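Thanks for making the time this morning. I would like to walk you through one model, so please have the sequence and the structure open as I talk.

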Amino acid sequence: TLEALAVACGSLAVPAQTVIIRQGDEAHCMYFLEHGVAQVQVQQPGAEDEYVNLIDGAFFGDAALISEGRRSATVRAVTACDLITIDRDDFLRILEVSPELQRAVAKMLRAREGRMSSLAPARRRSVVFPLGAAA
C-alpha cells in the first residue's frame, strides 16, 4: 500500500506567501509538507484568525477528500515549500484496498479534530501532524 501511495504522488514547489488551498474551494488533492512552513487560517467574520503553523512532515487537505466536502481552511506558504501531492481518486482508491490505512487515517482525523478544537481562535502554534502518529 505504501508503494501504491508513493507511485500516486506528485511534487509541487511553491514560493513564500502563496495560497496553497483556500477555504470553501473544492478539494482535488491533499498535500504533504516535505520542507517549509505553512500557515493554516480559518475565515472568521471580518478577519482571518491564525490557528496553526505546519512544519516539515505535516500534511493537510485530507479531510475534504474523505468527506468530499469543501476546504475548511486556507493554507498559505509562510516560507518556500516543497510539497508532495496525491489526488482524490488515487487517495480514495488506496484507502479502499487498505483497511489498515483506513483505520490509521480515521484515528488521525479524530486526534487532529481534538487538537484543533482545543486551540483558541487567535492562538498560534507550530505543530506537525505526521501520518505515523495515527498508527
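His35 has Asp82 in β8 as its bridge partner, and 6 bridges in all join β3, residues 29-35, to β8, residues 81-87, with the two strands running antiparallel. This is a predicted model, in which local features need pLDDT of at least 70 and side-chain atom pairs count only at pLDDT 80 or more, while totals for chains, interfaces and linings use all residues. Residues are numbered from 1 along each chain as its sequence is written, and side-chain values use heavy atoms, with hydrogens and water left out.

Strands here are DSSP runs of E, at least two residues, numbered from the N terminus, and two of them pair if DSSP finds at least two bridges between them. On that basis, 4 strands make an open antiparallel sheet in the order β1-β8-β3-β6, with β1 (10-14) and β6 (59-60) as the edge strands, each pairing on one side only.

What links β3 to β6 through aromatic rings? Tyr31 in β3 and Phe60 in β6 sit 29 residues apart in the chain, yet their rings are stacked, at 5.2 Å centre to centre and 15 degrees between the planes; rings pair if their centres lie within 6.5 Å, and planes under 30 degrees apart count as stacked, over 60 as edge-to-face and the rest as tilted. Phe32 and Phe59 have centres 5.8 Å apart and planes at 40 degrees, so that pair is tilted. Tyr31 and Phe60 are both buried, meaning under 20% relative accessible area with a 1.4 Å probe, protein chains only, and Phe32 and Phe59 are buried as well.

Methods: Rings of Phe, Tyr and Trp (its six-membered ring) pair if their centres lie within 6.5 Å; planes under 30 degrees apart count as stacked, over 60 as edge-to-face and the rest as tilted. Buried means under 20% relative accessible area, exposed over 50%, partly exposed in between (1.4 Å probe, protein chains only).
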